[in-house]
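Thanks for making the time; I would like to walk through a few local features of one model, moving from a helix to some aromatic packing and then to a few backbone details. Please keep the structure open while I talk.

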Amino acid sequence: MYTIAALYHFTRFDDPAALKPALLELCIAEDVTGTLLLAGEGINGTIAGPRAGIDKVIAHLRALPGCSDLEWKEATSEQAPFGRMKVRLKREIVTMGQPDVDPRARVGHYVDPQDWNELISAPDVAVIDTRNDYEVAIGTFDGAVDPKTGSFGEFPAWWEANKERFHNKRIAMFCTGGIRCEKSTNFLLGQGVEDVYHLKGGILRYLEEVPADESTWQGDCFVFDNRVSVGHGLKEGPHMLCHGCRRPILPEDTCRPEYEAGVSCHNCAEETSEEDKNRFRERQKQMALARARGA
């Protein structure tokens, strides 16, 4: 059984590159895989491995400057969610492209999962899903606004174009684990929005703590590991990943004429050229050869 830990923490790292070698070495030594992003604004990522290995990596992270109160969310999987370990240096740990946004300065009001339903059912509250369009497509909260953004960096422009829709409304925002809401609520506060709220711990904590018969969540939640999606109780969902476009699809979608394993699905078949598809086919061929060799 693999322990999965999803985490993020905003803090100031003066030299993120100096933190990478020891962190990567520890993860490899403890058979921990996944991806961790380091930037001047903090750390973000999801890792998986044996219980003891995850504990050691978390202890290492909490010993980093300003990370003593780092929090994380856990789940389990019978299969390895990641193939290898990556520690990457980035400009932002979640890319919004707004240099004045600083979640360390202030964010919206945190709302515990147990109080979320009451908040979003209020008539003066507008609920906004800050995730990407392909994530929203497989699940969201009842009545939530879908900005239909292809990336988080598109959110500020969407808000500028749509802000009049939310005049005199309290704004409640949510995302997978909470990190995008840290930035988006700070952004809205900077735009003069007075009452901004966000779901503490994100959808993952809501699905973990709120019973299914009391839930206002519909569908599944996309996750960035080999589980692809989870439902209530963080039970693994039915989705699989199209390795052509990295979007979630259902098993029955593999019977559609647009589907070709590792190459395309109904979401992306018209988005890529034949040259792209041939490149993807060659990648699939090399992966099959590697599996045959036991690599």
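In helix 1, the buried residues are Pro-16, Leu-19, Leu-23, Leu-26 and Cys-27, and I should say at once that we are looking at a predicted model. The spacing of such positions can be read against the general rule that an α-helix has 3.6 residues a turn, so residues three or four places apart point the same way. What covers these buried residues of helix 1 includes strand 2 (33-39) and strand 3 (42-49), together with helix 2 (51-62) and strand 5 (85-89). As for its length, helix 1 runs over residues 16-29, and because 14 residues at 1.5 Å a residue should span 20 Å, the 21 Å between its end C-alpha atoms agrees with expectation. Just after helix 1, Asp-31 takes a positive phi of about 60 degrees.

Let me turn to the aromatic residues. Across the whole structure, a search finds 14 aromatic pairs. In one of them, the ring centres of Trp-116 and Phe-141 are 5.9 Å apart with the planes at 55 degrees, and because that angle is neither under 30 nor over 60 degrees, the pair counts as tilted. This pair links distant parts of the chain, given that Trp-116 is in helix 3 (residues 113-120) and Phe-141 is in strand 8, 25 residues apart. Are these two residues buried or exposed? Trp-116 counts as buried, at 0% relative accessibility, and Phe-141 is buried as well, with a relative accessible area of 1%.

Trp-116 also forms an aromatic pair with Phe-174, which is edge-to-face, at 6.2 Å centre to centre and with 80 degrees between the planes. Since Phe-174 lies in strand 9 (residues 170-174) while Trp-116 lies in helix 3, this pair ties together parts that are 58 residues apart in sequence. Both Trp-116 and Phe-174 are buried.

Helix 3 has a helical partner too. Its axis and that of helix 7 (residues 202-209) come within 9 Å and cross at roughly 105 degrees, which means that helix 3 is roughly perpendicular to helix 7. On the helix 3 side, Pro-113, Gln-114, Trp-116 and Asn-117 take part, and they meet Arg-205, Tyr-206 and Glu-209 in helix 7. The residues of this contact divide into 3 nonpolar, 2 polar and 2 charged.

Elsewhere, ring pairs link Phe-152, Phe-155, Trp-158, Trp-159, Phe-166 and Phe-187 into a cluster. Two members of that cluster, Phe-155 and Trp-159, are in contact with Leu-188, which, leaving aside neighbours within four places in sequence, also touches Ile-171, Met-173, Val-193 and Val-196. Leu-188 sits in helix 6 (residues 179-190) and is buried, with a relative accessible area of 0%. Its C-alpha atom is separated by 9.1 Å from that of Ile-171, which is 17 residues away along the chain.

I will finish with two more backbone details. Lys-148 is not a glycine, yet it has a positive phi of about 60 degrees; it is found in the loop between strand 8 (139-141) and helix 5 (155-162), and it is exposed, with a relative accessible area of 63%. Arg-246 likewise has a positive phi, near 65 degrees, and its place is in the loop between strand 14 (240-241) and strand 15 (248-249), where it counts as partly exposed at 48% relative accessibility.

Conventions
Residues numbered from 1 in each chain as written. Predicted model: local features only at pLDDT ≥ 70, side-chain atom pairs only at ≥ 80, totals over all residues. Heavy atoms only, no water. Helix = DSSP H or I, 4+ residues; strand = E, 2+ residues; numbered from the N terminus. Buried < 20%, exposed > 50% of the residue type's maximum accessible area, 1.4 Å probe, protein only. Phe/Tyr/Trp six-rings, centres within 6.5 Å; stacked < 30°, edge-to-face > 60°. Contact = heavy atoms within 4.5 Å. Expected span 1.5 Å × (residues − 1). Axes fitted to C-alpha atoms, helices over the stretch in contact; angles between N-to-C directions. Parallel < 35°, antiparallel > 145°, perpendicular 65-115°, else oblique. Nonpolar A, V, L, I, M, F, W, Y, C, P; charged D, E, K, R; others polar.
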